[in-house]
Each structure stands twice: as C-alpha cells, then as structure tokens.
Amino acid sequence: MKSRRASLLIGLTLLLAVLSLAAWFLFADESPLNRASSIRTTLEWARLDPFPRSASHFHMQVLGNMFTRGFVADFDAPLPDINVWLTSSPGTRAVIPVQEGSTRRYAISPGGGALFAEVIVDDATGHVHVRTYWS
C-alpha cells in the first residue's frame, strides 16, 4: 500500500517537473527581459535605428534552436515615420529597395555576426516586416 502511494507521489512529482520545464521553454521568450534583448539583437543584426515611436501593433518573434537563431519583428506605422527611420538607419540608408507591387524589400548587409537581414515595407498598409538570422 505504501509503495503504491510512493510511486504515485514520484510519478506526480515527475509529471509536474516535466510540465514546468515545458512551460519554461514555451514561454521564456515572452518575458520583458527577453523581449528587450530580442529587439536589441534585431536592431544590431539588421543595423537599424530604434523602431519609430509611432510603431503600433508591434510583434516580436524568436525562432531557432541551439544551432541557429532568428528574429522577426512586425509593426505598423505612418509612412513618413517609416521613411525617416529607413533613411536614418545604417542598414537601409544606402540600400536601393526592390519594388514588388506595393512592397519595398531592403536586402541589408547584416551586422553583429548575422548572416541575413531584410526589411519589407508595405506602402499600401504601412506595415513593416523585419527578419534577421544567424546560423
């Protein structure tokens, strides 16, 4: 009787440990500290100035594993603010974007050891998509 109770207690303890570890892996990138670090790294790797103050609907996504790391930032802003930001950012100021319909694609020479960086601006909606990764 006692061994069954002990086994049940050990099983529940292990289950709780596994669930806690899974929750940490799933939600670790959502903390404010990790969010700020992700934004700083995105700006460094894509050689961008801080995002415009008028940016709204901001979303930051962290991708990868132990062998690769990537960041995707999306936001909306007024086109004049986006254009000022692109003109002042070292990664985009000298780049001639490729026009694809209503979007402009800036292929950036990445910094900070990254292998890839780009900014895509949709002139019709004022939506900005930033993507950078290291592998």
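In this predicted model, the side chain of glutamate 118 forms a polar contact with the side chain of arginine 105, at 2.8 Å. Glutamate 118 belongs to strand β5, which spans residues 116-122, and this glutamate counts as buried because its relative accessibility is 6%, where buried means under 20%. A second buried position, isoleucine 82, lies in helix α3 and has a relative accessibility of 0%.

**Surroundings of glutamate 118**

- Once residues up to four places away in sequence are set aside, glutamate 118 touches Arg105, Tyr106 and Ile108, together with His129, Val130 and Arg131.
- Arg105 thus appears among the residues that glutamate 118 touches, and the side chains of these two residues are also the partners in the polar contact of 2.8 Å.

**Surroundings of isoleucine 82**

- Helix α3, which holds isoleucine 82, covers residues 79-88.
- Beyond its neighbours within four places in sequence, isoleucine 82 is in contact with Ala77, Val121, Gly126 and Val128.
- Of these contacts, the one with Val121 joins residues that are 39 apart in sequence, with a C-alpha to C-alpha separation of 8.3 Å.

**The chain as a whole**

- The protein chain contains three helices and six strands, arranged from the N terminus in the order α-α-β-β-α-β-β-β-β.
- Buried residues make up 30% of the 135 residues in the protein chain, while its accessible surface comes to about 8800 Å², with 64% of that area belonging to carbon and sulfur atoms.
- When contacts between residues at least 6 apart in sequence are considered, 46% of them join residues at least 24 apart.

Notes:
Residues numbered from 1 in each chain as written. Predicted model: local features only at pLDDT ≥ 70, side-chain atom pairs only at ≥ 80, totals over all residues. Heavy atoms only, no water. Helix = DSSP H or I, 4+ residues; strand = E, 2+ residues; numbered from the N terminus. Buried < 20%, exposed > 50% of the residue type's maximum accessible area, 1.4 Å probe, protein only. Contact = heavy atoms within 4.5 Å. Areas by Shrake-Rupley, 256 points an atom, 1.4 Å probe, with all protein chains shown as cover. Polar contact = N/O pair within 3.5 Å; in protein donor to acceptor, adjacent residues only side chain to side chain.
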